[in-house]
Amino acid sequence: MDFRDAPEEAAFRDRLRTWLAGRAGTFPKSGDEYWSRSAQWHRDLYGAGFFGLSWPTKYGGHDLPAVYDVILDEELARAGAPARPSLGYLVEGLGRHGSEEFRQRFLPGMITGDERWCQGFSEPGAGSDLASLTTTATLEGDEWVFHGHKVWTSYSDVADWCLLLARTDATVRRHKGISAFVVNMHQAGIEQRPLQMINGVSNEFGQVLFDGARAPADHLIGEAGEGWALAMTVVGHEREPSTLGFSARYGKLVRAMAAQVEGPPPAELLWAAVETEMLRLHVRRRLSERLDEVVHGPAGSLDKLLMTWTEQSVGHAALAVGGTRDPELLSAYLYSRAQSVMGGTSQIQKNIIATRILGLEA
Amino acid sequence: MDVRLTPEQRQLRAAAARLADDLGPGSVLDLADDDRVARLEKAVAATGWRSLRSDGASGVEVALVVEEFARGLVDVPFAGPVLADDLRRPADDRRDPAGAGAGEAQPWTIAVDGEAFDARGLRDVVSAEGNQLLSGRVGEPVTAIDLTRVRATVLGPREPVGELSPEAAGRWPALAVVVTAADALGAARGAHALAVDYAKVRSQYGHPIGSYQAIAHLLAESLALIEGSVSVLRHAAWAVDELSVAEARAAARIAKVYVQRAARTICETAVQVHGGIGNTWECLAHVHLRRVLTSTELFPVRLEEIDLGFS
């Protein structure tokens, strides 16, 4: 057991630290600036050889052990740089359920950042109960035609492609009739409506209306009716702080707040520091377990709860340090409330833990 | 970076868990079963684990055994003797001259704040006063809330039995804090297991209470707290031997502050899930809670002691 870097890990960390030091002062200062420059950040990180670390080389990754992602996340946070682009769950979904042809076509662009993606899962009537979704896909000649309404679609306004869940068979029950597609976002038949979040930010989440949007017949991923399995892979990874890569940014915010506090720090900030350190170490443990080929199933829900508690403790610290008068800290607090909803609510995570890990029958 | 337990560490953990499951108290009545206690004492003595530190074991191994023993409410001395063994370890001239080697000599325990801790059946105590190691004798038992570990007065004369190097004097508290945090985590895990089992068999409104989200969600939260505790504690246990004194102490403080809060919540949940029964003396839930509260107060760490300059 060793929490320290192995020599090759230390060398990687040094290279990364040097690269980041050369870019000091250029990182976005505000949320708006962050969003507007996120695509360039993704491409820069990839171009310098620091993104897609644990993904296969044949799709543009580096085939490194998953612990390298920890090093990346820690160093980005330490340097005050933006977090690692958060698309590991899409890579996992397409990687595991798409054909080799699909992977060759779509994974490299996703990993390099040359093609941007969004995820069309949730609907106004299908949130926690995702299998009740009603968006339809109908085969007309050699094209699928889509009708329906998606919501909470992150980055939909800048996406080139959408990984879309739609119903292809209304005669079978619930999840059996759901299929997954790759849909071009640049076409008629797609309408975007931004959502303004409670912190005032309006460039992350959107609603997307599909009204006759089309995709070639071979943009169906796997077979018709296999969409649910892909959806479960994606949401499973979407829950994991180790895949998401933003746990390190909590530590960054805690350190920034510690620097601006005068006198004894408030209890909320001290507790946020404890939670943040716990999560940092928890991610290391989880990624180490991957060396045993541990496949993450319901345990991802435990990780999601821990991440949520951490982010919301940091949110409370932000409120304790900045009150309601510091716009950035207030925004961090308000944004933290979404963590117990996005990627599956805390209540759904607890259902999964109770039934699938503790064996408490629902 | 590879923070998995080694195969040997997993075996040690499994062996400690088996021993605790086989001979630990399975009910409050069992606490008074002197035959069982005698068998447990013999089994624990036979493992030689009370001298893990002088046998060269790391903080990780010590914490694993402490955690499993606490999970099974092992009610013969362990944490105290392990810490005493660590104090008396480094130099041969501090050894009990009568001691015939690891695992054979009568173990010592430690004195904390003038009281012998974990002293059941033991004769000698050691405590660190600055760099000085002082011996004493276990006196009369004193009233304590923990039903699984005995506290006692310390009788003089307190005699110097050795001296710690500044390094050892600085590092020892990290182990003590980690051991008491591991004990709290283990005791909480035991309470959680008890509550999960109960939620599967206790029926109300015609269904097991664990089928209701109101109960299931409490137990799910407890499991997440356990997982977070395991992660933060593992690092602190590793840090005892592998990081600088200051870093090891900081890691131990973080772990204890996290674990003590989690452990109390987990035990309170276990009491709640047991309903009225959980508030009676005969339910083991309070025995776990008492052990958690005791381990929290030993080598205490307050939230205000957390250093915001961490990592």
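This is a short talk through a predicted model with two chains, A and B, that touch each other.

Okay, some ground rules. Residues are numbered from 1 along each chain as its sequence is written, while chains are lettered from A and ligands numbered from 1 in the order in which they are written. Since the model is predicted, local features need pLDDT of at least 70 and side-chain atom pairs count only at pLDDT 80 or more, though totals for chains, interfaces and linings use all residues; side-chain values use heavy atoms, with hydrogens and water left out.

Let's start where the chains meet. Chain A puts 49 residues into the contact and chain B puts in 44, where contact means heavy atoms within 4.5 Å. The size of an interface is often given as the accessible area lost when the parts come together. Here, chain A and chain B bury about 4300 Å² between them, with 71% of that on carbon and sulfur atoms. Buried area, by the way, is the accessible area, taken with a 1.4 Å probe, that two parts lose on being put together, summed over both. On the chain A side, A:M1, A:F3 and A:R285 lose the most area to chain B, together 18% of what that side buries.

What about charges and polar groups across the interface? Four salt bridges run between chain A and chain B. A salt bridge is a side-chain nitrogen of Lys or Arg within 4 Å of a carboxyl oxygen of Asp or Glu. One example pairs A:R286 with B:E227, at 3.6 Å from N to O. There are also 14 residue pairs in polar contact between the chains, both residues being at pLDDT 80 or more. A polar contact is a pair of N or O atoms within 3.5 Å; within protein, one must be able to donate a hydrogen and the other to accept it, and residues adjacent in sequence count only if both atoms are side-chain atoms.

Which helix of chain A gives the most to the side that touches chain B? That's α10(A), with 17 residues. Helices here are DSSP runs of H or I, at least four residues, and strands are runs of E, at least two, numbered from the N terminus. By class, that side of chain A has 28 nonpolar, five polar and 16 charged residues. Ala, Val, Leu, Ile, Met, Phe, Trp, Tyr, Cys and Pro count as nonpolar, Asp, Glu, Lys and Arg as charged, and the others, Gly among them, as polar.

Now a residue from the other chain: B:H217, which lies in helix α6 (residues 213–242) of chain B. Is B:H217 buried or exposed? Buried, at a relative accessible area of 13%; the cut-offs are under 20% for buried, over 50% for exposed and partly exposed in between, with a 1.4 Å probe and protein chains only. Not counting residues up to four places away in sequence, B:H217 touches A:Q347, A:K350 and A:N351. With A:N351 there is a polar contact, side chain to side chain, at 2.6 Å.

Next, the inside. The largest nonpolar core has 170 residues, and those with the most contacts inside it are A:L94, B:F69 and B:I110. A nonpolar core is a set of buried Ala, Val, Leu, Ile, Met, Phe, Trp, Tyr and Cys residues joined through side-chain atoms within 4.5 Å. Helix α5 (residues 166–201) of chain B brings the largest share of this core, 19 residues. If you look at A:L94 and skip its neighbours within four places in sequence, its contacts include A:F102, A:W117 and A:I221. Apart from the big one lies another core, of 17 residues, among them A:W144 and A:F210.

Last topic: salt bridges over all chains, and there are 48. Take A:R13 and A:E75, whose closest N and O atoms are 2.7 Å apart. They link helix α1 to helix α4 of chain A, 62 residues apart. A:R13 counts as buried at 11% relative accessibility, and A:E75 is buried too, at 2%. Both belong to a network of salt bridges that also takes in A:D5, A:R17, A:E74, A:R78, A:E277, A:R280 and A:R284.

One more pair, and then I'm done: A:R174 and A:D129 meet at 3.0 Å, N to O, in a salt bridge. A:R174 is partly exposed at 34%, and so is A:D129, at 37%.
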